[in-house]
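User: Could you take a close look at one residue in this protein for me? I'd like a connected picture of its surroundings, with some context from the whole chain.

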Amino acid sequence: MDCPLHDSLLRIHYKGMLLNDEKMVFYNTRVDNNGQPLEFGSGEGLVPEGLEMCVRLMLPREIALVTCPPDYAYDKFPRPANVPEGAHIQWEIELLSFEMPKDWTGLNFQAIMDEADKIRGTGNRLFKEGKFELAKAKYEKMLREFNHVNPQDDEEGKVFLNARNTLHLNVAACYLEMGECRKSIEACNKVLDASPAHAKALYRRGMAYMSAGGFEEARGDFKMMMSVDKSYEPDATTALVKLKQKEQEFERKARTQFKGLFDKKPGNIAEAGVGNRGDRMLSENQKNEDKEDSDGDKEFLEAEDAPPRMGFLSHLWPTGRRFFTAFGLDRCSIL
């Protein structure tokens with residue numbers, strides 16, 4: 001591969017400048033790093049996102065001049081002391097070389113598990129730093145690689161299953177922190193489909209259900225968790241207390257939101273609505289009549305003295321006429 005598109009070990013020289021009139025240089029690896037290049041792993045959140053995105057598309061020995069807005073520079077990354085907040089940045093980057101990740105082909109099972117532990121450790125670090133998207137990418141990469149791993153005996157199968165379940169639950173934790181509760185539940189289900197009595201998966205799915213408002217489902221998971229593994233009983237008890245608090249908070253918000261809506265009887269609400277609407281329409285009719293009066297139309301004044309015309313249905317159903325009159329529809333031709 002010519003470009004380090006996938007996660008790789010990268011070596012670069014770069015010079016960072018503020019995008020202002022002076023083009024002030026705030027860091028230069030050739031000066032500030034004793035002339036040594038910067039070496040880092042991509043996909044690990046070790047450099048600003050904009051810088052890493054550009055290096056992934058470069059060829060070895062290529063030099064690029066990159067302009068980056070604050071969101072992809074240092075507003076979401078630890079800023080050097082001499083870089084102000086909201087600063088646009090220009091980087092002059094040279095990609096010296098890169099190394100692709102170790103190919104697992106030909107590795108024995110234990111070597112594969114060791115490599116997996118290293119990558120999972122990187123994901124755990126990113127999770128603790130709050131970089132949930134990057135952490136999730138590491139876990140999901142491992143799950144894709146696991147599709148090509150074939151344990152040779154029962155012992156290896158048990159180790160492999162535990163490692164894969166842990167990765168699925170780590171993905172679920174990332175989704176939960178990102179607010180994507182349904183995807184978190186789906187990740188937990190991948191574990192529970194194979195191991196229905198997996199206590200940690202029940203706990204994590206219960207937390208996801210609780211965050212999504214599925215209180216009954218969450219309660220069921222927490223109770224089942226206690227029944228399958230007594231060692232998780234303190235965690236389940238704490239979760240049930242939190243669940244009860246969430247339910248009470250939800251009910252309190254609902255009462256506040258709909259307060260007074262059902263205080264009146266349905267008939268009273270309907271009458272109030274009809275009355276308000278009728279008053280509004282009668283008021284509009286009165287305004288129209290006042291406007292016509294001001295025009296001084298002689299024919300209209302003569303017609304005003306005449307008794308109102310009554311339709312056939314008005315004679316047969318006087319009550320109906322009063323009903324439509326209340327809505328300002330007394331001039332309707334059907335009556």
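Analyst: Happy to! Among contacts between residues at least 6 apart in sequence, 62% link residues at least 24 apart. Please keep in mind that this is a predicted model. The protein has 335 residues, of which 34% count as buried, and its secondary structure comprises 13 helices and five strands. About 21400 Å² of the protein is exposed, with carbon and sulfur atoms supplying 52% of that area.

Against that background, let's zoom in on Met 210. This residue sits in helix α7, which covers residues 199–212. Is Met 210 buried or exposed? Its relative accessibility is 4%, so Met 210 counts as buried, the cut-off for buried being under 20%.

What is Met 210 in contact with, once its neighbours within four places in sequence are left aside? The partners are Phe 215, Ala 218, Ala 239, Lys 242, Leu 243 and Lys 246. Looking the other way along the chain, Cys 181 is 29 residues from Met 210 in sequence, and their C-alpha atoms are 9.0 Å apart.

For a second buried example, try Glu 52, which lies in helix α2 (residues 49–55). Glu 52 counts as buried because its relative accessibility is 9%. Setting aside neighbours within four places in sequence, Glu 52 is in contact with Phe 40, Ser 42, Gly 43 and Val 47.

Key: Residues numbered from 1 in each chain as written. Predicted model: local features only at pLDDT ≥ 70, side-chain atom pairs only at ≥ 80, totals over all residues. Heavy atoms only, no water. Helix = DSSP H or I, 4+ residues; strand = E, 2+ residues; numbered from the N terminus. Buried < 20%, exposed > 50% of the residue type's maximum accessible area, 1.4 Å probe, protein only. Contact = heavy atoms within 4.5 Å. Areas by Shrake-Rupley, 256 points an atom, 1.4 Å probe, with all protein chains shown as cover.
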